[in-house]
Amino acid sequence: GGDDRRPPPRRDDNAPNKKGKRPPPRDEQPLSNKAPSKGAAKSKSELPQLAVTSASVDAQGRLAVECTCDGASASPAVEWKNAPEGTKAFALSLWHTAPDQEKSYWVVYNIPPNVSKLTKNSTAIGQIGSNDKRRAEYDPMCSKGPGVKTYYLTVFALSEELKLASTQATRAGLLA
């Protein structure tokens, strides 16, 4: 007999889901408390990359309980460095891709260019955008269902401050 082993089917990460929507781009890194190593592969773009860390994430990449609804519901501490020259503001987004939707937990934008971190439970720096519950606040993760979930924290260095109407101050508005 011949060898009937076949490679496992590949999931097309860009294929539309059951509702016809394509998933968000997957170039962001999951939450981690480690800065990228100096020998890390270059990103798809040649733009400088911010090094983002969080004291609220442990060595295994788990978010502190105090930053979830099982704890104090505190927003995580976030720090970044290596901003490109000419940065006029920063923005951040904490989000998760569920099987049926993208969930946004925290949006902060127009963080001044001289700021390089937000402390745990920070609310006085930058402008707070709306989470997916349409509230201008940090929405702590309350993971439902089995299995480990992956959350993404993206920090953006912006070439200008954002001028967003309150209805546009969402993750989608930030990305646009």
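This is a short dialogue on reading strands, sheets and one loop residue in a predicted model.

Me: Where should I begin with the sheets, and in what order do the strands of the three-stranded one lie?

Reply: A useful habit is to write down the order of the strands and then ask how they are paired. Here 3 strands form an open sheet in the order E1-E2-E5, and the pairing is antiparallel. E1 and E5 are the edge strands, each pairing on one side only.

Me: How many bridges join E2 to E1, and how many join E2 to E5?

Reply: The general idea is to take each pair of strands in turn and look for the residues that stand opposite one another. Strand E1, residues 51-53, is joined to E2 by 3 bridges, and within this pair Val52 stands opposite Trp80. On the E5 side, where the partner strand covers residues 117-118, there are 2 bridges to E2; Glu79 stands opposite Lys117, while Val78 stands opposite Leu118.

Me: Which residues of E2 lie on its covered face, and which on its uncovered one?

Reply: When reading a strand, one can sort its side chains by face before considering them one by one. In E2, which spans residues 78-81, Val78 and Trp80 make up the covered face, whereas Glu79 and Lys81 belong to the uncovered one. Joining this to the pairing, Trp80 of the covered face is the residue opposite Val52, and Glu79 of the uncovered face is the residue opposite Lys117.

Me: What is the strand order in the four-stranded sheet?

Reply: The same reading applies, beginning with order and going on to edges and partners. These 4 strands form an open sheet in the order E6-E4-E3-E7, again with antiparallel pairing. Its edge strands are E6 (127-128) and E7 (151-158), each of which pairs on one side only. E6 is joined by 2 bridges to E4, residues 102-111, and the bridge partner of Val108 in E6 is Ile128.

Me: Where is Lys88 placed, and why does Lys88 count as partly exposed?

Reply: For a loop residue, one asks about its place, its accessibility and its contacts. Lys88 is in the loop between E2 and E3, the latter being residues 89-97. Lys88 counts as partly exposed because its relative accessibility is 46%, and partly exposed residues fall between the 20% and 50% limits.

Me: Which residues does Lys88 contact, leaving aside its neighbours within four places in sequence?

Reply: With those neighbours set aside, Lys88 is in contact with Pro113, Leu158, Ser159, Glu160 and Glu161. Of these, Leu158 is 70 residues from Lys88 in sequence, yet their C-alpha atoms are 5.8 Å apart in space.

How values were computed. Residues numbered from 1 in each chain as written. Predicted model: local features only at pLDDT ≥ 70, side-chain atom pairs only at ≥ 80, totals over all residues. Heavy atoms only, no water. Buried < 20%, exposed > 50% of the residue type's maximum accessible area, 1.4 Å probe, protein only. Pairing = 2+ DSSP bridges. Contact = heavy atoms within 4.5 Å.
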